[in-house]
Amino acid sequence: MSNQHLAHHRAKWKSHIGFLFAAVGSAIGLGNIWRFPYLCYKNGGGAFLIPYFVALFVVGISLMILEIGIGHKMRGSAPASFASISRKWEWLGWWQVIFIMFGIMCYYSVIIGWCINYFVYSFNLSWGQDTGNFFFNDFLQASSVLASKNPFELGTIVMPIFLSLAVVWFLCWLVVFKGVQKGLERANKIFMPILFILMAIVVFWSVRLPGAGEGISIYLTPDFERLKSPRVWLDAFGQIFFSLSLGFGIMTAYASYLPPKSQITRDSFIIGLVNCIFSVFAGFGVFAVLGYMAHTTGQPFSEIVAESIGLAFIVYPKVISMMPHFGNLFGVLFFGALVIAGLSSAVSIVEAFTSAGIDKFHHKRGSLVSTLCVTGFLGSIIFCMQGSFLWIDIVDHFIMQYGLIIAGFFECILIGWVYGAEKLRMHINKHSVAKTYRIWDFFICWVIPLFLGLSIVQGLITELKAPYGGYSWLAIVLIGRDWLLYTLFAGIIVAGHEWRSDPRERMLE
Ligand code: PHE
């Protein structure tokens with residue numbers, strides 16, 4: 001196929017709202033429902049909203065404009081867009097889509113699988129009274145590994161998790177296989193409204209439970225002292241990155257299917273705001289539930305709050321079992337919401353890679369998606385074994401703390417300095433009604449790289465002082481660091497291959 005022909009036939013969103021739903025679907029994920037409320041609690045309650053919204057406006061929306069802007073201008077996935085700027089930078093795009101596909105997606109899919117299991121367990125509250133014991137011993141079958149803290153003791157595959165994992169990959173395959181309009185757009189147009197309704201029911205239900213008010217007041221009571229700690233700010237910036245799916249080439253791929261006349265600035269604000277408002281809203285539900293639990297059991301609040309995974313899979317099931325009426329319905333709605341939020345993010349990950357493969361090698365979508373999903377599924381198996389809990393912990397830490405931030409840093413250098421922030425801003429403003437102001441250039445060239453650079457250094461210092469999470473250095477190096485390095489090598493190798501056609505021919509005027 002000739003390039004002109006390919007460019008002409010590039011997949012397109014059927015409607016603008018379809019694009020928005022898909023982008024919001026990618027952004028709203030597991031992170032909004034369980035990670036945000038916990039971070040908020042840990043970092044000074046209501047006061048955390050200050051660094052969080054600063055991070056949203058300074059880094060989040062600016063990078064969103066960058067990623068959408070470049071995908072729109074170059075009409076290509078991240079590797080194609082970066083290669084159009086300079087072939088020397090193509091590796092960055094490949095690194096992003098590879099580490100998200102074979103890093104994040106491999107364990108993200110397993111956690112969605114857990115949610116599917118818990119969705120089913122909700123019907124008859126199969127987790128019993130001791131939900132912590134159920135989760136670690138019966139469900140993950142991880143007791144011996146957790147005791148030894150040795151991630152190389154992988155044990156055997158845990159069957160229920162394996163089966164739900166197969167379901168997750170099948171659904172992702174189905175959606176991405178069907179393409180942009182019939183797959184991603186249609187699925188998100190169904191998923192998103194259902195998710196909003198489910199969440200609304202869960203939150204309104206939660207805030208009416210006895211004791212909910214106490215939980216919410218703890219959620220919102222600001223402790224401004226905490227704002228002095230750099231950790232709080234790092235958490236806020238990290239969360240914004242992860243939550244808005246930035247630094248992975250996802251928004252770039254989605255934006256490459258937009259028509260020339262597009263509202264890049266306005267859409268970036270919409271996606272960022274909807275995502276963060278959703279998080280804050282979900283936080284009300286989570287804290288209401290924690291308040292209810294404190295009220296019912298008489299335990300102090302601080303003992304109840306658990307970190308992300310514990311919150312969803314230990315505390316929630318416990319509360320659900322405590323509810324006198326319709327606890328199982330509550331569980332079904334809550335875990336159903338998690339599954340949908342997770343799936344709509346997962347498909348965006350597979351699409352980011354797929355669109356890159358189509359751009360560079362002109363692969364057929366069908367065979368590429370099938371190969372990718374089978375490989376991804378096989379890769380995920382390592383995360384559904386008895387010892388996988390520790391792997392998830394280590395890989396997640398490295399990808400969250402370094403992967404995203406390093407990728408975001410280089411993205412700013414590439415666009416801000418090599419391509420020119422002003423040049424991209426001109427392009428954005430030429431096509432959209434709402435304008436991006438000059439200060440954006442300053443953010444992209446200086447503020448964001450400086451901040452991200454500092455966070456990397458600060459993270460490394462802590463890292464070198466003691467191995468993360470009390471694991472052995474060997475585990476940290478072999479699992480955590482090498483995960484980033486292998487994906488980087490893979491990115492460099494793929495970038496070295498020849499293009500079937502010049503990526504720049506797709507570029508919009
Ligand atoms: N944004 C998603 C969340 O908040 C996570 C995600 C990260 C999704 C990267 C896709 C890509 O859970």
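Where in the chain is the place of Leu125? In this predicted model, Leu125 sits in the loop between H6 and H7, and the legends below begin with the whole chain before they come to that loop and to other sites.

**Figure 1. The whole chain of the predicted model, built with 21 helices and zero strands.** The chain has 509 residues and a radius of gyration of 22 Å, which agrees with the value near 23 Å that a compact globule of 509 residues would have. Along the principal axes, the C-alpha atoms fill a box of roughly 65 × 45 × 45 Å, and 61% of the 509 residues count as buried. When contacts with a separation of 6 or more are considered, residues 24 or more positions apart account for 86% of them. The chain exposes about 19,000 Å², and carbon and sulfur atoms supply 68% of that area. As for charge, there are 34 positive and 26 negative charges, and the mean positions of these two groups are 10 Å apart.

**Figure 2. Close-up of the ring pair formed by Phe36 and Tyr52.** The structure holds 59 aromatic pairs, and one of them brings together the rings of Phe36 and Tyr52, whose centres are 4.7 Å apart and whose planes stand at 50°, so the pair is tilted rather than edge-to-face, a class that needs an angle over 60 degrees. The pair links distant parts of the chain, since Phe36 belongs to helix H3 (residues 30–42) and Tyr52 to helix H4 (residues 49–74), with their positions 16 residues apart in sequence. Phe36 is buried, having a relative accessible area of 0%, and Tyr52 likewise counts as buried at 0% relative accessibility.

**Figure 3. Close-up of the ring pair formed by Trp114 and Phe135.** Here the ring centres of Trp114 and Phe135 lie 5.5 Å apart and the planes meet at 80°, so this pair is edge-to-face. This pair, too, links distant parts of the chain: Trp114 is in helix H6 (residues 90–124) and Phe135 is in helix H7 (residues 131–139), 21 residues apart. Trp114 is buried, with a relative accessible area of 1%, and Phe135 is buried with a relative accessible area of 0%.

**Figure 4. Close-up of two loop residues with a positive phi, Leu125 and Phe326.** Most residues other than glycine have a negative phi. Leu125, although it is not a glycine, has a positive phi of about 50°, and its place is in the loop between H6 and H7. At 27% relative accessibility, Leu125 counts as partly exposed. Phe326 is not a glycine either, yet its phi is positive at about 55°, and this residue is placed in the loop between helix H16 (308–322) and H17. With a relative accessible area of 59%, Phe326 is exposed.

**Figure 5. Close-up of two residues of helix H17, Gly336 and Ser345.** Gly336 lies in helix H17, which covers residues 327–361, and is buried with a relative accessible area of 9%. Leaving aside neighbours within four places in sequence, Gly336 is in contact with Phe119, Leu198 and Gly331. Between the C-alpha atoms of Gly336 and Ile194 there are 9.6 Å, although the two residues are 142 residues apart along the chain. Ser345 is also found in helix H17, and it is buried, with a relative accessible area of 4%. Once neighbours within four places in sequence are set aside, the contacts of Ser345 are with Gly25, Ser26, Ile28, Gly29 and Tyr108. For one of these partners, Gly25, the C-alpha atom is separated from that of Ser345 by 5.9 Å, while the two residues are 320 residues apart along the chain.

**Figure 6. Close-up of Thr221 in the loop between helix H11 and helix H12.** Thr221 is found in the loop that runs between helix H11 (212–220) and helix H12 (230–243), and at 47% relative accessibility it counts as partly exposed, as a residue must be over 50% to count as exposed. Not counting residues up to four places away in sequence, Thr221 touches Gly44, Gly45 and Gly46. Thr221 and Leu464, by contrast, are 35 Å apart in space from C-alpha to C-alpha, and 243 residues apart in sequence.

Definitions and conventions
Residues are numbered from 1 along each chain as its sequence is written. This is a predicted model: local features need pLDDT of at least 70, side-chain atom pairs count only at pLDDT 80 or more; totals for chains, interfaces and linings use all residues. Side-chain values use heavy atoms; hydrogens and water are left out. Helices (H or I, at least four residues) and strands (E, at least two) are DSSP runs, numbered from the N terminus. The radius of gyration is taken over C-alpha atoms; the globule rule is 2.2 Å times the number of residues to the power 0.38. Buried means under 20% relative accessible area, exposed over 50%, partly exposed in between (1.4 Å probe, protein chains only). Contact means heavy atoms within 4.5 Å. Accessible areas come from the Shrake-Rupley method with a 1.4 Å probe; for residues, only the protein chains shown count as cover. Lys and Arg count as positive and Asp and Glu as negative; His and the chain ends are not counted. The place of a charge is taken as NZ of Lys, CZ of Arg, CG of Asp or CD of Glu. Rings of Phe, Tyr and Trp (its six-membered ring) pair if their centres lie within 6.5 Å; planes under 30 degrees apart count as stacked, over 60 as edge-to-face and the rest as tilted.
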